[in-house]
Every structure is written in structure tokens, then in C-alpha cells.
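Good morning, colleagues. Thank you for making time for this short presentation. May I ask you to turn to the sequence and the structure as they appear on the screen.

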Amino acid sequence: MEEEKAGEVGEVGEVGEERQDSSSSSLLAPPSLSSVRVGAPFWCSTLDRWDQGGHPRLDFFRHAKWSPDGSCVLASTDSKKVEVFEPFAQVQNGEGGRRGPTFSTHTADVVHDVEWYKGGGEALIGSYLTCVRGHPVKLHNGYTGSTTASFVARNHLDETDDPYSCVSSTEIGSAFAVGYDRCLRQFHADRSSSEATAMVKTRVKRRDPDGQRGAISCLAVVPGRQGMIAAGAYDGTVGLYHFDQPSRGCAALDLFFPADAPMSAALMDMRVTPDGVYLIGGHRSHDYMYVWDLRMTAAGPVTSLCRSSSGQLKVGFDLDWSGRCIVTGMESGGLKAFDVYAMREVEVVDEGGPVSISPTHVVDFNPASACIAVAVGDWKEREEEECPSSPLHSSAGQLDADSDSEGGEREGRGVKSKLVLRSIALAYAEESASMAGEERERGVEEKQGSN
């Protein structure tokens, strides 16, 4: 009995040490945010509203993610295309007019997710992953777009299982995780085998009361937790899993979703702070993002952050480099910012004004420079009532002065879907206080010198 108690105390001690480390890391968080300043767009790429046959088409960007070195943007569109942009090279070369992709590849079906590969290996530097409906997960060369490897997963009917999401991180090395219907699979890009090396069930059977129901819509790696994966599902729940210890899986966190339409509140985007303390989840057709403290998962969400996201289109968000600031899109086309650790809204100074009246559904911070990638547009047909004061529509801006590839101008309704880059600056409360203190000291010195 004493040995068992000692073992239990040892396990609690290990968890306590883990929580102490997490809490100490949270104390090293940056000072409180006072405001977020977003500059005018300095680069823009617009999707064509007309197909090759001259018929109108409502296309929009589904994803846009920066490369680990911050030089390229990986994007996918609703027209089943995957594109790679080099915006800074185009700006330096002074390329005007339409800013097209460096290369573009067509997929066989809808692109569920794209992700840069962040594992090791010199031969795989710059590679990216694609999850296409009804097809295996594929690893592509980031310089040409050619397929270098395929990773097949089969269901109980021996059919190719649909991949819905994927995540790659230096925390899990050369491995990457892929979300499927009621399960997670782990693959290794540096191995010759295309089969999964590990699998964790999020729900054993469809009618089981425990576990996550539906497909895994988004994934995130929890830093400093030995490869822990956070998985968000279409039923609005989050689960924490370990591939090396499947028995520890299914530590599900219950999320709030509307009781009358639970499936419409699917969890579509998720981020974890760099210190591994807070997890933020955003739902579809729901106006709140929820924040959980991963040290106290049983306590429920610690706070909720309000934004406008009542439509069926995913409204994305992202964390800054320090993990304190959240910038999220809005259905009205604007941006909203929050301080994670202070759990409050932060003023956004938008110098360029709203880019569009369409929803801002993609926001991604550049890991190497102070700018963000923002995608606006959706599948709905809207009037051309976008803000004329925006640089994207002024004759001096020259950012959206694109013409059709065949030369002639065409008239038509519908808002153009755009991918734009905007500079961003975060102002902290301590910085403003220190500047005010320096000004007061300078004034006292001037008064003493005059006396």
C-alpha cells in the first residue's frame, strides 16, 4: 500500500512540476498590449472572376500560410488549385499590375488543407503537404510543385480515407499528423514507407458516447508537451492526444455550440501559445472564440472573445510571434485584435481601411517580418461596393489595376477575392509608459538647467 501511495505521489509530483514549468513560462510573457496598428496593403493578388470559357466564376482563397523562413505564401483556392507566391521578390523587382503566383498546380478534388513541412532533412527543405478529398496526403517540392511522396490511409472498406487536416512542427521532428474521420494518423516524411506509423482513434464506434464525433477539422502541436497533438472536430470539441501513448488519448474538452444546430458550430481553426499554456479555438457559425488553460482542462474555457462569424465560411485568426496578440478576421471585412494573457480586446488602428466588404477568412502572421497575409472573399455574389478610399481601388495604388488575361475589360457583378499583405506593429503598455517617463525626466532636466 505504501509503495502504491508513493507511486501516486510521484505521478502527481511530475504533473505538478509540469504545471509549475508552464506557469513560470507564462510569467515570461510580453507586457500588456495597448494597440495594434495595421498598415495599408503593399502587395495584392486577385483571383480571376472568369474561367477559361468566359463564364463568371466565384472563386476565393481557402488557405494562405507563410513558409517557415517568411519568404513565400502557400495558398489554395476553391477552384481546386494550390499556388505558391513570392511577394517580397515581386515587390523588390518592381513588378506592377497583377501579382501572380510563382507556380500553380491543379488538384483532382477539393483541397481540405495545406501545410508547410517543418521537419528535418535537407532534401525536404521548402516542401509542403496537401490534403485533397478522396486522395492520399501528398508531399510536394516547394520550388516546382511536383509530387515527391504520397501517404496512403485506408478505412475499414479498404478505400482511401479522406484527409481533412494536417500539421507539421519541429516539436515532432520528421513526423507529421493527419486528421481523418474519427482518427488521427502519424506519418514520417523521411521514411520510404507510405503507410502510417501510428494511429489514435478519437471515437471507436460512431454510436459511442465518448470521444469526438465526426472528422478532425484542424490540428495543432502543443509546445513543450512531448509531441502532444490538439485535435478539433466538426462536433465542436477538442481532444489532446499522444501517438506514443495511445492510452492517454481522448482527453476531450467540451466546447460550447448552439443546441439547435450543433453541426454548424464546427471547430475550424485552432492555435496554441508558444509556451503551451493557452489553446484558442474558433468555430464556424459562432461569434465567439474560446480560450482554454491547458494546465486546467477540466475547468472549461477561461474566457471567450467576441467576433462576427455567423456564416458558414471559416473565419480564421492567428497568433503573433510572442503568442500574446490574436488578430482575427471579420464577416464585415475588417480585423479585430485581442490580448490573450490580459483576455481583453485591443484597439486596432487600420491605416488602410477595410480591404473589402466580403469576409476576412484568412489571417497569417509572417514569422520573419512585421506583416500579415490577409485573404478576403467568399462564394456569395455581392455588389461592387468596396471602399473607394482603400489603396486597392485608387488609381495611385496600382495594386488592383489588373486586367483580364485576354486583354479586354469585362463587366460583371461579384467582389473579387484578394490575397493582400499588410504591415503590422504592436504597441505595448510598458513601452508607452517608459516613453512618458523619459519625457518627464527630460522636462525635469530642462527645468533644472534653466534654474
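Before we look at any pair of strands, one term is needed: two strands count as paired if DSSP finds at least two bridges between them. I should also say at the outset that this is a predicted model.

With that term in hand, consider strand β7, residues 128-132, and strand β8, residues 137-140, which pair in the antiparallel sense over three bridges. One position to locate is Tyr128, whose bridge partner in β8 is His140. These two strands belong to an open sheet of four, in the order β6-β7-β8-β9, with antiparallel pairing. At the edges stand β6 (111-116) and β9 (147-151); each has a single partner strand, so one side of each is left without a neighbour in the sheet. Between neighbouring strands of this sheet the average turn is 20°, direction ignored.

Let me step back to the whole protein. It contains three helices and 27 strands. Of its 451 residues, 50% are buried. The accessible surface comes to about 21100 Å², and 48% of that belongs to carbon and sulfur atoms. If one takes the contacts between residues at least 6 apart in sequence, 55% of them join residues at least 24 apart.

A further open sheet of four strands has the order β10-β11-β12-β13, again with antiparallel pairing. Here β10 (165-168) and β13 are the edge strands, and each pairs on one side only. Neighbouring strands are turned by 20° against each other on average, direction ignored. Within this sheet, six bridges join β11, residues 175-180, to β12, residues 183-188, and the two run antiparallel. Gly179 stands opposite Leu184 in β12.

Following the chain onward, we come to the loop between β13 (198-201) and β14 (216-221), where Arg203 lies. How far away is the nearest side chain of opposite charge to Arg203? That side chain is Asp235, at 5.2 Å, and Arg203 is buried yet has no salt bridge. The cut-off explains this, because a salt bridge requires a side-chain nitrogen of Lys or Arg within 4 Å of a carboxyl oxygen of Asp or Glu. Beyond its neighbours within four places in sequence, Arg203 is in contact with several residues, including Arg182, Asp208, Pro209 and Arg213.

Two loop residues deserve a comment on backbone geometry. Gln226, in the loop between β14 and β15 (229-233), has a phi near 55°, a positive value in a residue other than glycine. Gln226 is exposed, with a relative accessible area of 68%. Met343, in the loop between β23 (335-339) and β24 (344-350), also has a positive phi of about 55° although it is not a glycine. Met343, however, counts as partly exposed, at 29% relative accessibility.

Next, the hairpin of β17 and β18. Five of the six residues of β17 (267-272) are buried, so this strand is largely enclosed by the rest of the structure. It pairs with β18, residues 278-283, in the antiparallel sense over five bridges. Leu267 has His283 as its bridge partner in β18. Five residues lie between the two strands of the hairpin, and Gly276 takes a positive phi near 70° there.

I turn finally to charged pairs. How many salt bridges does the model contain? The count comes to 14. In one of them, the side chains of Glu351 and Arg37 meet at 3.2 Å, N to O. This pair links distant parts of the chain, with Glu351 in the loop between β24 and β25 (360-365) and Arg37 in strand β1 (residues 33-46), 314 residues apart. Glu351 is exposed at 51% relative accessibility, whereas Arg37 is partly exposed at 42%.

Lys65 and Asp113 form another salt bridge, their closest N and O atoms being 3.2 Å apart. Lys65 is in strand β2 (residues 61-66) and Asp113 in strand β6, 48 residues apart. Asp113 is buried, at 8% relative accessibility.

In a further salt bridge, the side chains of Arg271 and Asp269 meet at 2.7 Å, N to O. Arg271 is partly exposed, with a relative accessible area of 21%, while Asp269 is buried at 9%. Lastly, salt bridges that share partners join Lys65, Asp113, Glu115 and Lys118 into one network.

Thank you for your attention.

Definitions and conventions. Residues are numbered from 1 along each chain as its sequence is written. This is a predicted model: local features need pLDDT of at least 70, side-chain atom pairs count only at pLDDT 80 or more; totals for chains, interfaces and linings use all residues. Side-chain values use heavy atoms; hydrogens and water are left out. Buried means under 20% relative accessible area, exposed over 50%, partly exposed in between (1.4 Å probe, protein chains only). Contact means heavy atoms within 4.5 Å. Accessible areas come from the Shrake-Rupley method with a 1.4 Å probe; for residues, only the protein chains shown count as cover. Axes are lines fitted to C-alpha atoms, for helices over the stretch in contact, and angles run from 0 to 180 degrees between N-to-C directions. Lys and Arg count as positive and Asp and Glu as negative; His and the chain ends are not counted.
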